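The following exercises concern ligand surroundings and backbone geometry. Please work through each task before reading its solution.

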Amino acid sequence: MRIISEIQELAKQLHIKSLANKRFEIFEEEKSNTQFLLDCLKEEAKFRLERATALRIKQACLPAEKNFEMFDTQAQKGITDKQLKQLEALDWIDGIYNLILIGPPGTGKTHIALAVGNEAVKKGYKVFFSTMDNLIHLLKTQEISQRSASKVKWIKKCDLVIIDEVGYLPVNRVEANLFFSLISALYENSSVVMTSNKGFEGWADILGDSVLATALLDRLTHKCQVLSFTGKSYRLTHSKKIFDKS
Ligand code: ADP
Ligand code: MG
C-alpha cells in the first residue's frame, strides 16, 4: 500500500495524470512488469492525445458543426463533388494553399469554411476560425488585452486560419494595416481560408487602400483556390416557418 501511494505521489509530481488517477485494484492484477509498464504508457498516451484534441477543438473557436456530407452540390454549382472530395482530403493544407470563397449571402461559403475547419481539427491540424470583425478586434486589442495577445499568438502558430465575412464591415487604415501584417506573417506558413461577399475588385474598397489590397491579394493568391459561389440563398429557398399554411 505504501508503494502504491508513493507511485501515485510521484505520478502527480511528474504530471502523469492517468497513473496518478489509477484505481488501486489495477496494481494488484497479475501482470508482468513490462506488460504493466506498457499498459500504463499506452493509457497515458491515449489520455494526452484526447486532452490535446479537446484543447485544439476549443482553441479553434469553430461556431458550428458543419461537414462535407451535409453539403448539397446540386444546390451549389460553384463546386463539384470531385472538388469537394479534394477539399475534404486536406492535402492542400500540407502544401500551404489558400482557399477563397466568394459569393452572395446564403450560398454556403461559411458552411464549407466550417466543414474544412472541423475536418482539419479532427485530423490533428491547429485551426483558428474568426469573423473578420472579431479578428480585427483581436489585432487591435492585443497590446492591452492578454486574452487577445494570446489568441493572436495562437493564430500565428496555426496550420489553418479561417477568416469569415471579409468585407461585410468596412475597416479603417490602421485596421487594414494590422490585417495586412497578419496575412504577411501567415504567408507561406499557414493555409488561409477566407469568405467574402465581394469579388477581388471590391477589396480595395474594403481595405480603403488599393496598394494595400493589391499587396494583400498578391500574397493570398500566390498558391490559392478561388471558388465563386452563385445562386439564390440556401436559407431563403429552404426557409422554415412556424405556422402551417392551412
Ligand atoms: P454564406 O456563408 O454563403 O452566407 P452559409 O454557409 O452560412 O452561407 O449557408 C446558410 C445556411 O444554408 C447554412 O445553414 C448552411 O449550412 C446552409 N447551406 C448553404 N448552402 C448549402 C448547400 N449547398 N447544401 C446544404 N446546406 C447549405
Ligand atoms: Mg457566411
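The exercises below refer to this predicted model.

**Exercise 1.** Identify the residues that come nearest to ligand 1, and describe the make-up of its shell.

*Solution.* Step one: there are 15 residues around ligand 1, of which Asp72, Gly106, Lys109, Thr110 and His111 come nearest. Step two: by class, the shell comprises six nonpolar, five polar and four charged residues. Step three: helix H7 (109–122) and helix H13 (234–237) are the elements that give two or more residues to this shell. The largest share, three residues, comes from H7.

**Exercise 2.** Determine which polar atoms of lysine 66, glycine 106 and glycine 108 lie by oxygen atoms of ligand 1, and how much of the ligand is buried.

*Solution.* Step one: in lysine 66, a side-chain N or O atom is 2.9 Å from a ligand oxygen. Step two: the two glycines take part through the backbone, with a distance of 2.7 Å for glycine 106 and 3.1 Å for glycine 108. Step three: ligand 1 taken alone exposes 550 Å², and the protein buries 86% of that area. The space that ligand 1 takes is the largest pocket.

**Exercise 3.** Is histidine 15 buried or exposed, and where does this residue lie?

*Solution.* Step one: histidine 15 is located in the loop between helix H1 (2–13) and helix H2 (17–20). Step two: its phi is positive, about 60°, although the residue is not a glycine. Step three: exposed means over 50% relative accessible area; histidine 15 has 56% relative accessibility and therefore counts as exposed.

Notes:
Residues are numbered from 1 along each chain as its sequence is written. Chains are lettered from A and ligands numbered from 1 in the order in which they are written. This is a predicted model: local features need pLDDT of at least 70, side-chain atom pairs count only at pLDDT 80 or more; totals for chains, interfaces and linings use all residues. Side-chain values use heavy atoms; hydrogens and water are left out. A residue is near a molecule or strand if one of its heavy atoms lies within 4 Å of it. A polar contact is a pair of N or O atoms within 3.5 Å; within protein, one must be able to donate a hydrogen and the other to accept it, and residues adjacent in sequence count only if both atoms are side-chain atoms. Accessible areas come from the Shrake-Rupley method with a 1.4 Å probe; for residues, only the protein chains shown count as cover. On a 1 Å grid over the protein atoms alone, a cavity is a set of points where a 1.4 Å probe fits but cannot get out, and a pocket is an open set with protein on both sides within 12 Å along at least five of seven lines; lining residues have an atom within 4 Å of a point. A molecule sits in a cavity or pocket if more than half of its atoms lie within 2 Å of its grid points. Helices (H or I, at least four residues) and strands (E, at least two) are DSSP runs, numbered from the N terminus. Ala, Val, Leu, Ile, Met, Phe, Trp, Tyr, Cys and Pro count as nonpolar, Asp, Glu, Lys and Arg as charged, and the others, Gly among them, as polar. Buried means under 20% relative accessible area, exposed over 50%, partly exposed in between (1.4 Å probe, protein chains only).
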